[in-house]
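Ready for a few exercises at the viewer? Have a look at the chain below, and try each task before reading its solution.

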Amino acid sequence: MGFEEVFAALTSLHLDNDEVARLRTWVAAIVHPGECLQLIAEAAGTPCCPHCQCPRVHRCGSASGLQRWRCLACRRSFNALTNTPLARLRKKAAWLPYLQCVLESRTVRAAAELVGVHRTTSFRWRHRFVPGAANKRPVRLEGTVEADETYRPRRSRNPAAKLTMDSFA
């Protein structure tokens, strides 16, 4: 199971308070970010190429604490984070504290202050750490839709505007 599947499984589960507390304890027990990277690498094992899905890969050094792999078919290199929400994220030391903030349902600003990143970084991370958060849109209404009241302005704030029934459609 890849890292992205683990994240997707966590978001689809409805955890009770005891399970959330156990998850928080487990995340808090990981002190060093190298442990997190090591867990990701162990979970990935010997991967297949994320670009062409060829299983023939070989080790190709390491970068940023993660094993690099090179595909023998397409010759592209990758690591355990390629094609995951954590790909190309920096400040690995802040990932686990930020995940703790997400689990505690802190606001974007509060999480940014606590972890020590800018609020725009916190916003982008929130959408990376919670898969599908940016893609969830309201469900489109279908069938019969009824509305109780219709709002129609009595006059325009612009005296030069000509209001017609077409402007309310």
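The exercises below go through a hairpin, a helix with its core, and the cysteines of this predicted model.

**Exercise 1. The hairpin**

Task: Find how strand 1 and strand 2 pair, and which residue in strand 2 is the bridge partner of Arg 59.

Solution:
- Step 1. Start with the two ranges: strand 1 covers residues 57-63 and strand 2 covers residues 66-71.
- Step 2. Follow the pairing, which is antiparallel and runs over five bridges.
- Step 3. Pick out Arg 59; its bridge partner in strand 2 is Trp 69.
- Step 4. Now turn to the two residues between the strands, where Ser 64 has a positive phi near 55 degrees.

**Exercise 2. Helix 4 and the core**

Task: Work out how many residues of helix 4 are buried, and which element gives the most to the largest nonpolar core.

Solution:
- Step 1. Helix 4 spans residues 95-103, and seven of its nine residues are buried.
- Step 2. Among those buried residues are Trp 95, Leu 96, Tyr 98 and Leu 99.
- Step 3. Go on to the largest nonpolar core, which has 16 residues; Trp 95, Tyr 98, Trp 125 and Phe 129 touch the most other members.
- Step 4. Helix 4, helix 5 (108-115) and helix 6 (119-129) are the elements that give two or more residues to this core.
- Step 5. Helix 4 gives the most, with five residues.
- Step 6. Zoom in on Tyr 98: leaving aside residues up to four places away in sequence, Tyr 98 touches Ala 111, Val 115, Ser 122, Trp 125, Arg 126 and Phe 129.
- Step 7. Another core, of six residues, lies apart from this one, and Cys 49, Cys 54, Val 57 and Trp 69 are among its members.
- Step 8. Finish just past helix 4, where Ser 105 has a positive phi, near 60 degrees.

**Exercise 3. The cysteines**

Task: Explain why Cys 48 and Cys 71 form no disulfide.

Solution:
- Step 1. Recall that a disulfide is a covalent bond between the sulfur atoms of two cysteines.
- Step 2. The cut-off to apply is a sulfur pair within 2.5 Å.
- Step 3. For Cys 48, the closest cysteine sulfur belongs to Cys 49 and is 7.4 Å away, so it is too far for a bond.
- Step 4. For Cys 71, the closest cysteine sulfur is that of Cys 52, at 3.5 Å, which is also too far for a bond.
- Step 5. Check the surroundings: Cys 48 is partly exposed, with a relative accessible area of 40%, whereas Cys 71 is buried at 0%.
- Step 6. The total for the structure is zero disulfides.

Conventions. Residues are numbered from 1 along each chain as its sequence is written. This is a predicted model: local features need pLDDT of at least 70, side-chain atom pairs count only at pLDDT 80 or more; totals for chains, interfaces and linings use all residues. Side-chain values use heavy atoms; hydrogens and water are left out. Two strands pair if DSSP finds at least two bridges between them. Helices (H or I, at least four residues) and strands (E, at least two) are DSSP runs, numbered from the N terminus. Buried means under 20% relative accessible area, exposed over 50%, partly exposed in between (1.4 Å probe, protein chains only). A nonpolar core is a set of buried Ala, Val, Leu, Ile, Met, Phe, Trp, Tyr and Cys residues joined through side-chain atoms within 4.5 Å. Contact means heavy atoms within 4.5 Å.
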